[in-house]
Amino acid sequence: MDTARIAALLEPFLEQSLLSSQLDQISIYIDLLLRWNARINLTAIRHPEEIVTRHFGESFFLARHLFPKSVGSASSVARTLLSANADSAQLPATSQLSNLCHPERSRARSEAIGSARSKACPELAEGDPYPSTAPHVLDIGSGAGFPALPLKLWAPHIRLTLIESNHKKAAFLREVARALTLTNINVITDRVEVLAALPDFPRAEVVTLRAVEHFAAILPQAVTLMAPSATLALLIGAVQIPHLTTLTALKWCPQIPVPQSHTRVLSIGVR
């Protein structure tokens, strides 16, 4: 697919254009998705332009709110959500969200979290691009790879784990990672409830969830897989919002409407 057209279609979801290398990766991804989708059911969306807006656009919208390229480039919505005082102005989005939703947390703890996580910012990736302090992102029910793989394209420094119980879909995810030369990715072919029951399964600083079956049943499993002070980011329909009230362990930030949708929202909760 033409990269200039991809960039134009993604404009409503982003504040700044993607790099040409990222647009090339998206084009390759779309070609793979269409080819594989002819053999296995990865997505009901068949038109390339709709794939860009519905899948990539929504995924990059989540990505830029979780990992803004810089505080100064955040949108008005993000500034409302992620506003921080001078002491936390350099914190990554996950730390800022935590401070916003838990204002009772001490300044000392916020500074400690920020000190550790700021090492993983993309702007500092000129040395070790994948430091041990890079945030671990866990995507549940990855399917065709949304939002997880676009999130990795947006923030290459993250350590990404994709959980997909369908073996054919998991094979597709590995093929996309290989074709796009993405590293520090682990695709696990298992059910989330099995993994959540394992006490030694690594918990994540960020857990993402989009378009999964049995949403209400998966939500508690997602919380179980969160590390302390972690963030849960959901791309959901408005009808699913009432389910969030059952997660009393989380504090929910104001929901953010997804561009070009009347019903889709990005909902972010923190411990």
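**Close-up 1. The salt bridge between arginine 54 and glutamate 50 in helix α3**. In this predicted model, the side chains of arginine 54 and glutamate 50 meet in a salt bridge, with a distance of 3.0 Å from N to O. The two residues stand 4 apart in helix α3, so about one helical turn separates arginine 54 from glutamate 50. Arginine 54 is partly exposed, its relative accessible area being 45%, and glutamate 50 is likewise partly exposed, at 34%.

**Close-up 2. The salt bridge between glutamate 205 and arginine 159**. Here the side chains of glutamate 205 and arginine 159 meet at 3.9 Å, N to O, and the pair links distant parts of the chain, since glutamate 205 belongs to strand β4 (residues 204-210) and arginine 159 to strand β2 (residues 159-163), 46 residues apart. Glutamate 205 counts as partly exposed at 21% relative accessibility, while arginine 159 is partly exposed at 29%.

**Close-up 3. Glutamate 193 with arginine 191, and a salt-bridge network**. The closest N and O atoms of the salt bridge between glutamate 193 and arginine 191 are 2.8 Å apart. Elsewhere, Glu58, Arg210 and Arg264 are joined into one network by salt bridges that share partners; the structure holds 8 salt bridges.

**Close-up 4. The largest pocket and its lining**. This pocket encloses about 840 Å³ of space, and among its 31 lining residues, Gly141, Lys169, Ala211, Val212 and Glu213 lie nearest its centre. Helices α3 (48-66), α9 (192-196) and α10 (215-224) each supply at least two residues of the lining, which by class comprises 12 nonpolar, 9 polar and 10 charged residues.

Note on methods
Residues numbered from 1 in each chain as written. Predicted model: local features only at pLDDT ≥ 70, side-chain atom pairs only at ≥ 80, totals over all residues. Heavy atoms only, no water. 1 Å grid on protein atoms, 1.4 Å probe; cavity = no way out; pocket = protein on both sides within 12 Å on 5 of 7 lines; lining within 4 Å. Points joined across faces, edges and corners; volume = space filled by probe spheres on them. Nonpolar A, V, L, I, M, F, W, Y, C, P; charged D, E, K, R; others polar. Salt bridge = Lys/Arg side-chain N within 4 Å of Asp/Glu carboxyl O. Buried < 20%, exposed > 50% of the residue type's maximum accessible area, 1.4 Å probe, protein only.
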